[in-house]
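Please open the model in a viewer and keep the sequence panel visible. The tour below proceeds by selections, each followed by a description of what is found there.

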Amino acid sequence: MIWLNIVIQGALVGGFYALFACGLSLMFGVLKVINLAHGDMAVVAGYAAVFLAPRLHLPELWSFLVVVPVFALVGYVVQRTLIQKSIDRDPFTTLLVTFGLSVVIENLLLEVYSANGQTVNIGSLIGRSWHPASIIYVSYVSLGVLAAAVLVLLALQLFLSKSGLGRMIRAVADDQEAAQLSGANYRHIFGIAAAIAFATVALAGIAYGMMTQFAPTSGGVNLLFAFEVVVIGGIGSLWGTLVGGIALGIAQQFGAHINLSYQILAGNILFLLVLAVRPQGLFGRKNAVS
Amino acid sequence: MSGPLLQVDALTVHHGQLCAIDDVSFSIDEGEILAVIGANGAGKSTLLRTIAGLHHPTSGSVLLDGQVINALPPNRRVALGVSLVPEGRRLFSSMTLEENLQVGAYHANPGPFDIKRVYELFDWMPSRRKQSVWQLSGGEQQAVAIGRALVANPRVLLLDELSLGLAPIVIEKIYALVPDIIAQGVSILIVEQDVSQGVSAADRVHCLLEGRTSMTGTPAELTSEEIDRAYFGAGLSSTMPESGAAS
């Protein structure tokens, strides 16, 4: 029963990790940009949900209805201006620029909202859970986040494989030059991909704020987990991202079961094992890395 | 139509310090086939990539219908009717055959070609449309690359090294399609290392040597000695085999 609980709790956390990581995976897969500000974007979304949604007389639970579209728009604009400018220089510049962005965001948040922890207030829902067996509690919030992750990945999968625009995004990811020769405006496609990535990370940031406390510096550690998820699952595979998230979540729960201080260590060991045994990730294509 | 469809005027292109194309001019009329031949490194691919918008000229211009299109990115040129089948085919490797064609058709101009028409042109395609393109042979991949460019309904089709890495019988099959394409009013600019293929398919031949024009003419008025000299440079032709092909 204890083991079943570890798997269930791990899968629930894993849903959040997958939701958090899929934007990172998309940005890298399509734009070849490693967005070091990814975690901080999520934190900004959390603050937006806590401080801006009430001004619109919107319950914080439903704040994503506003924050997510706004983030998509911001993602498109930031891509077409700041990130595209750095891509045009060279790939290394994008690392510097997104790192700089991360520093700026963290310090702005500290300046404006202080270092106090915040949570997205969802009322009594936070304490409710489903209790199927003696020691197993399934939190409705975590279950909701896992469901959201599956829905988002499903929608993204359908969009990329079935729609014309999604196909163009994959074409640009495969071969940018050949996509241009097929009529794609790759800058616009990059913008769309960034918009999707920002929208998903906003959703993840709000979900994080519902599950636990966050502060201006919370982005970094989550970014690390997101990297691990993408590597474990395999770059460019959406279902890999979900499986990678759940695998990381279970590994961490397993570590925590042995000793609470082993929680993060166990996740890192899984990450290193995958990197050593299967560097392309569980669902990655072998040539995706090259 | 009064003037030429596509015109290249005093075009000079540099790769860093290297001058890849040096003061090259030519034009193509509607429905015409021009073959640009030349040895490895003569600047043929650079020429096509510059026309398609992937390289920027140092000086000179590319004109379509008499309008300078130097500043337009590749996707805008596709919209105006300039499509390149790039060297090495460059298919979208994570996609199926049909998806590759769908990408080409997404920003298509109106015209005679669509995916159905391409399937008629290559009758083996419909039964294999769900296959990943990496499962196809080199010749089949080349056919998909041509199909992907055709569904955009170009007015001028740029073909870069169609024959590269393909068996002679496969090359013959692909060149057999050229009349079908021309019949739809499409002009073709072929770049070839394989002189015999290029020359036999073309209305006119333009030979490049180290980035400069070394010869122009129609296949009928050119002797193989003239072609050899233009292809390899002066003095070399007498020591070269009769065919003059580099391969």
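Two strands are said to pair if DSSP finds at least two bridges between them. Helices (H or I, at least four residues) and strands (E, at least two) are DSSP runs, numbered from the N terminus.

The model is predicted: local features need pLDDT of at least 70 and side-chain atom pairs count only at pLDDT 80 or more, while totals for chains, interfaces and linings use all residues. Residues are numbered from 1 along each chain as its sequence is written, and chains are lettered from A and ligands numbered from 1 in the order in which they are written.

**Stop 1: the hairpin of chain B**

Select β1 (6-15) of chain B together with β2 (18-28) of chain B. β1(B) and β2(B) are antiparallel partners, joined over seven bridges. Within this pair, B:Val8 stands opposite B:Phe26 in β2(B). The two strands form a hairpin with two residues between them. In that turn, B:Gly16 has a positive phi of about 60°.

**Stop 2: the four-stranded sheet**

Add strand β4 (residues 59-64) of chain B and β5(B) to the selection. Which order do the four strands take in the open sheet? The order is β2-β1-β4-β5 (chain B), with antiparallel pairing. At the edges are β2(B) and β5 (67-68) of chain B, each of which pairs on one side only.

β1(B) also runs antiparallel to β4(B), and five bridges join them. Here B:Thr12 faces B:Ser59 in β4(B) as its opposite residue. On the way to the edge, β4(B) and β5(B) pair in the antiparallel sense over two bridges, and B:Leu63 stands opposite B:Val68 in β5(B). To follow the residues along a strand, it helps to recall a general pattern. In a regular strand the side chains alternate between the two faces of the sheet.

**Stop 3: the six-stranded sheet**

Next, colour the second sheet of this tour. Six strands of chain B form an open sheet in the order β6-β7-β8-β3-β9-β10, and their pairing is mixed. β6 (82-85) and β10 (212-217) of chain B stand at the edges with a single partner strand each, so one side of each has no neighbour in the sheet. From one strand to the next the twist averages 20° (axes are lines fitted to C-alpha atoms, for helices over the stretch in contact, and angles run from 0 to 180 degrees between N-to-C directions).

Within this sheet, select strand β3 (residues 33-37) and strand β8 (residues 187-192) of chain B, which pair in the parallel sense over five bridges. B:Ile37 stands opposite B:Glu192 in β8(B).

**Stop 4: helices on the sheets**

Two residues are in contact if their C-beta atoms, placed from the backbone, lie within 7 Å. Select helix α5 (residues 138-150) of chain B, which packs on the six-stranded sheet and touches β6 and β7 of chain B. The direction of α5(B) makes about 170° with that of β6(B).

Now select helix α1 (residues 44-52) of chain B, which lies across β1, β2 and β4 of chain B at about 65° to β2(B). α1(B) also lies across β3, β6, β7 (156-160), β8 and β9 (204-209) of chain B, running at about 150° to β7(B).

**Stop 5: where the chains touch**

Show both chains. The contact takes 23 residues from chain B and 15 residues from chain A. On the side of chain B that touches chain A, α2 (74-80), β6 and α3 (97-106) of chain B each supply at least two residues. The largest share, five residues, comes from α3(B). By class, this side of chain B has 13 nonpolar, seven polar and three charged residues. Ala, Val, Leu, Ile, Met, Phe, Trp, Tyr, Cys and Pro count as nonpolar, Asp, Glu, Lys and Arg as charged, and the others, Gly among them, as polar.

**Stop 6: chain A**

Finally, select chain A, which has eleven helices and two strands. Its elements run α-α-α-α-β-β-α-α-α-α-α-α-α from the N terminus on. The C-alpha atoms of chain A fill a box of roughly 60 × 50 × 35 Å, taken along the principal axes. In chain A, residues 24 or more positions apart account for 74% of the contacts with a separation of 6 or more.
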